[in-house]
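Me: Please look at the cysteines and the charged side chains of the model shown here, and answer my questions one by one.

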Amino acid sequence: MSTPEVGIEGITVEKNVEATPGVSPVAPSKKTVVIQDSPAPAPDAGNNESNIRSQSEKYNEGTKSKQLIHEEYNSGRNLQTILRLIEEGRARDLDEEPKHEGVPVIIIGSGPSLDEAGPLLHKWHGGIICSPSHAATLMYYGVEPTHVMTLDPFESWASFEGVDWSKTRTKLITHPGVWLDIIENWPNDILLYRQNLGRSDSFYATTQRNMYSTREGDRNKSEFLLHIRTEITVFSCSPPCQLFAADRLGYGSPFLVGCDFAFSEEKDRFTE
């Protein structure tokens, strides 16, 4: 049987459904367009999204398999330094940072459009969150980022060299698994988070969580006070992570700059 639905400009669109026992089907009129139910295309059929884009899960799986052992190592080596900075008041959980009350924020990516937008960013009045890849470039343009976010365990202090960061108000957003010399050399405040794989048995949710805590009590009764409670999903690129951090910091509308990485046929990334 067909059930009528009103379409554009009075044309009736009918969709085939199962006939009801005892009810005669209605014949389509001349102005009727009959839509046949058809099964969904197979995952590999045609020019669909699964063929056009790589699946993010594959990227995340590759990121995890390549980087986890380094993050485990770095987390152990960074432990005493980070605990000392927490005690001194220079490092704290990301969610403990005062909120920015809806101030708009720019999220910086590595796409080629950053070459065009970079020289204009000094006119911006709001937050700017970048990665170490963009930090020196922004300072070259006279733009002081409010936050630099590091998530790759292979990024090192070399990305920050050439700028006296102690003369800025820029804060570092990072996790315990980054390269040691970044934690050792950063002169300003550090805002901390842990990565989340969506599994309660992951390294981040168990071992790292307990490492970065203070234990009170004894073997009979003890309590672990967590120093890093904020968790952000593991990403294989920076801008999504920067967006999550911006949300936790209480920023308002985000604006993406340079987030056209590999979209242009002329060049893949920024060059300045």
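Me: How many disulfides does the structure hold?

Reply: This is a predicted model, in which local features need pLDDT of at least 70 and side-chain atom pairs count only at pLDDT 80 or more, while totals for chains, interfaces and linings use all residues. Residues are numbered from 1 along each chain as its sequence is written, and side-chain values use heavy atoms, with hydrogens and water left out. A disulfide is taken as a pair of cysteine sulfur atoms within 2.5 Å, and by that criterion the number of disulfides in the structure is zero.

Me: Why is Cys-237 without a bond to the closest cysteine sulfur, and how far away is that sulfur?

Reply: Cys-237 is partly exposed, at a relative accessible area of 40% (buried means under 20%, exposed over 50%, partly exposed in between, with a 1.4 Å probe and protein chains only). The closest cysteine sulfur belongs to Cys-259, and it is too far for a bond because the separation is 8.8 Å.

Me: Is Cys-241 buried or exposed?

Reply: Cys-241 takes part in no disulfide, the nearest cysteine sulfur being that of Cys-237, 9.1 Å away. Its relative accessibility is 1%, so Cys-241 counts as buried.

Me: How many salt bridges does a search of the whole structure find?

Reply: Side chains of opposite charge can pair when their charged atoms come close. The criterion for a salt bridge is a side-chain nitrogen of Lys or Arg within 4 Å of a carboxyl oxygen of Asp or Glu. Searched in this way, the whole structure gives a number of salt bridges equal to twelve.

Me: Which residues are linked with Arg-92 in a network of salt bridges?

Reply: Arg-92, buried at 18% relative accessibility, meets Glu-97 in a salt bridge with an N to O distance of 2.8 Å, and Glu-97 is itself buried at 5%. Arg-92 also meets Asp-189, at 2.9 Å from N to O; this pair links distant parts of the chain, 97 residues apart, with Arg-92 in strand 4 (residues 91-93) and Asp-189 in the loop between helix 5 (180-185) and strand 9 (190-192). Helices (H or I, at least four residues) and strands (E, at least two) are DSSP runs, numbered from the N terminus. The network links Arg-92 with Glu-97, Lys-171 and Asp-189.

Me: Which residue forms a salt bridge with Arg-194?

Reply: Arg-194 counts as buried at 2% relative accessibility, whereas its partner is partly exposed at 37%. The closest N and O atoms of the pair are 3.7 Å apart, and the two residues, in strand 10 (residues 194-196) and strand 13 (residues 231-233), are separated by 37 residues. The partner of Arg-194 is Glu-231.
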